[in-house]
2 protein chains.
Amino acid sequence: MSRSDLERHVRDSALDVVVAASPENVYFLSDTLLLTQRLIPTRLALVVWSSEADPVLIVCTIEEEQVRNESSIRDVRGYFEFKQSPIAVLADVLTEKGLAAGRIGIESRFLAHRYFRELAELLPRATLVDGDEVLDRARVIKSSDEIDRLTRAAQITDRAIRLAFEGAGLGTTELHMADTMASELLSGGANGVAFNVMTTGVHSSMAHPLPSRLEIKPQDVVRTDFGGNFGAYFGGYYSDLARTAVAGTPSQQQETTYKKLFEVHDLLLRTIKPGVRPADLYAQCKSAFEQRGLAFSVPHIGHNIGIVLHEDPMLSPFGQDELQAGMVLAVEPITRSEGMIFHIEDMVVVTESGCRPLSDPYPWSELMRIK
Amino acid sequence: MSRSDLERHVRDSALDVVVAASPENVYFLSDTLLLTQRLIPTRLALVVWSSEADPVLIVCTIEEEQVRNESSIRDVRGYFEFKQSPIAVLADVLTEKGLAAGRIGIESRFLAHRYFRELAELLPRATLVDGDEVLDRARVIKSSDEIDRLTRAAQITDRAIRLAFEGAGLGTTELHMADTMASELLSGGANGVAFNVMTTGVHSSMAHPLPSRLEIKPQDVVRTDFGGNFGAYFGGYYSDLARTAVAGTPSQQQETTYKKLFEVHDLLLRTIKPGVRPADLYAQCKSAFEQRGLAFSVPHIGHNIGIVLHEDPMLSPFGQDELQAGMVLAVEPITRSEGMIFHIEDMVVVTESGCRPLSDPYPWSELMRIK
């Protein structure tokens, strides 16, 4: 991601200014993640960003001291909660910058309607437009420093999963495996666990249930979908990997399903390169599933990943923008067999000529058996 | 909280229907917390709730299986992500219920403007009004089952803090104390750590920085503001407590500041009862601070707590609705001395005649010394 790219996208969209309101984009522009911005959604934090003037950060007075210590933004405006409206402070800042009649990009996919309405009422001459995509575009291509971070994130996550699966046996609970992954992730250097799906037995039909005291039984499908936070314990860079194993001796059908799924996964990794359109990759994946008789029912087969877990481009049937070098993708073919979900997910960086895995898919090329 | 109260509030507000969109209110109405609703904000989950008809739950097809297993709502509508808009499904449901020209309560403090706009365009004859307060009001008074849960949450949190403070000494790091609290909380029965503030030394001037490798030095103020998730590891019921200690022998000023702060805390606990207005409690607190020469600069001195961390009534200068029996409040006077924050926070339930602490403030009536 790059703030200079943002300046370009702001100009290209003929915006005078963009206002960030989500924790991710405030972090992107200010280098600050405020705990209470996530926990207390009414305690808004906002960044006013233009290519012309210095940025302004608006936060509750309670968080001012932290922001002055941490943020790269020097112009910080505190609002006294309940007494002052953060949106009124925003309107004042925009007016002060001469933008009361400007073309203002808003995170309309994040900013709640009530705040939007307040801003529209305070600045009746302004044109409020969707600014999310401008911010999204500036975050799409990762810098080499970001790729290093995401590589480390993928590797720590991969290792935590391997250790949990290798240490499991018949009778091990989902919770025990999930806790093992979490503690390995944290001791490996993650700042937080973002999500921690671990399913066996009757849970295998659900995408994201909570880990439970269910014990692994013979021929259970054991599946994880696991991600951490890196750089901040309630945000920062995400990892996102999925692995599937079977307990004891797999059935013929389980063996075959997994083998075919991995074939498709490998095919996707060999297909990804600059210039490929997500819609075509999705269609190719769907067709590879159908050729092999695998059930296909997912709305996407992966996503860009960074300081947002699912960010554009989504690998969906509607993705028309070509892949570019420097994107980091989580590639995740998923199928169901006898009601149970099989899921493989790796993180890759798009290179000039193809893609390079950040996690390691190949130890999982054959169906792992939990002893 | 109570769904029958909600029915009453929906009728009192002359709403035909209320649409929940936030994780908390979807949980309130459906008994389901979807991991991806928090992680992937564009993957909307919505509940359509009226006092006349059966409720409807709208979720991404990926989460349908989980919802059919967990939710008390039987009418579940799945939308296929990217291909189908959840808001279009919502508009269809409202139309099917004969409400296309109805008075529809929306969570306008949560629902992003873009979704609101889409709904307004799809239902041009509908009147979309702020429905947040109707939902808030239905959650204000806790049932005895909820008070039991919150009591357990407060006690587990209280114990985790005590153990971390009692086990600390000069040289202990913030991170070590925060990790001790977290693991005690989880082994005590919490489902997750919601926030984990632990400050010493130079961090003592900031409200919510991340725990770090800073070590406790003599005369450091050591402060925590700590809460867990109970009932779900990324949501459910919250706890929220704060404690302050000093390392080694406190200075005279530290001793005096804490003593006065606890006096005010105790005064607040003795004042809270049904009929008291939050604004008056805030004014009384401010005046008690000023009488004692304590710095007062906070926008609120506490808040209602439940499945939302800060919920109405806030104990702010603008709170006009009287306290009622069955509210659970986090009471938190805060001051600064020599730049360092002193913070005490306990959870109490409002009873018929006063309030009863759910955590135990009195072991902290004298300034704790970390040896």
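The following paragraphs describe the overall form of chain A, its relation to chain B, and a few local features of the backbone in a predicted model.

Chain A contains eleven helices and 18 strands. Its C-alpha atoms occupy a box of roughly 70 × 40 × 35 Å along the principal axes. For a chain of 371 residues, a compact globule would be expected to have a radius of gyration near 21 Å, and the value of 23 Å found for chain A agrees with this. Of these 371 residues, 61% are buried. Among contacts in chain A with a separation of 6 or more, 67% are between residues 24 or more positions apart.

The accessible surface of chain A amounts to about 13,600 Å², and carbon and sulfur atoms contribute 48% of that area. Chain A carries 37 positive and 51 negative charges, and the mean positions of the two sets lie 2 Å apart.

Two copies of a chain are related by a rotation about an axis and a shift along it. Here, a turn of 180° with a shift of 0.0 Å along the axis lays chain A on chain B with an RMSD of 0.0 Å. This relation is that of a two-fold axis. The same surface serves both copies, since 100% of the contact residues of chain A recur in chain B.

Most residues other than glycine have a negative phi, and most peptide bonds are trans. Exceptions to both patterns occur in the model. D312(A) and P313(A) are joined by a cis peptide bond with omega of about 0°, and P313(A) belongs to strand 12, residues 311–314 of chain A. In chain B, a cis peptide bond likewise joins D312(B) and P313(B), with omega about 0°; P313(B) is in strand 12 of that chain.

D31(A), which is not a glycine, has a positive phi of about 65°. This residue is in the loop between helix 2 (23–30) and helix 3 (35–39) of chain A. D31(A) is partly exposed, because its relative accessible area is 36%, between the limits of 20% and 50%. D31(B) also has a positive phi of about 65°, and its relative accessible area of 37% makes it partly exposed.

L323(B) lies in the loop that connects strand 12 (311–314) with strand 13 (328–331) of chain B. With a relative accessible area of 2%, L323(B) is buried. Beyond its sequence neighbours up to four places away, L323(B) touches several residues, including I272(B), P274(B), V276(B) and P278(B), as well as P313(B) of the cis peptide bond.

Notes:
Residues are numbered from 1 along each chain as its sequence is written. Chains are lettered from A and ligands numbered from 1 in the order in which they are written. This is a predicted model: local features need pLDDT of at least 70, side-chain atom pairs count only at pLDDT 80 or more; totals for chains, interfaces and linings use all residues. Side-chain values use heavy atoms; hydrogens and water are left out. Helices (H or I, at least four residues) and strands (E, at least two) are DSSP runs, numbered from the N terminus. The radius of gyration is taken over C-alpha atoms; the globule rule is 2.2 Å times the number of residues to the power 0.38. Buried means under 20% relative accessible area, exposed over 50%, partly exposed in between (1.4 Å probe, protein chains only). Contact means heavy atoms within 4.5 Å. Accessible areas come from the Shrake-Rupley method with a 1.4 Å probe; for residues, only the protein chains shown count as cover. Lys and Arg count as positive and Asp and Glu as negative; His and the chain ends are not counted. The place of a charge is taken as NZ of Lys, CZ of Arg, CG of Asp or CD of Glu. Copies are superposed by least squares on the C-alpha atoms of residues with pLDDT of at least 70 in both.
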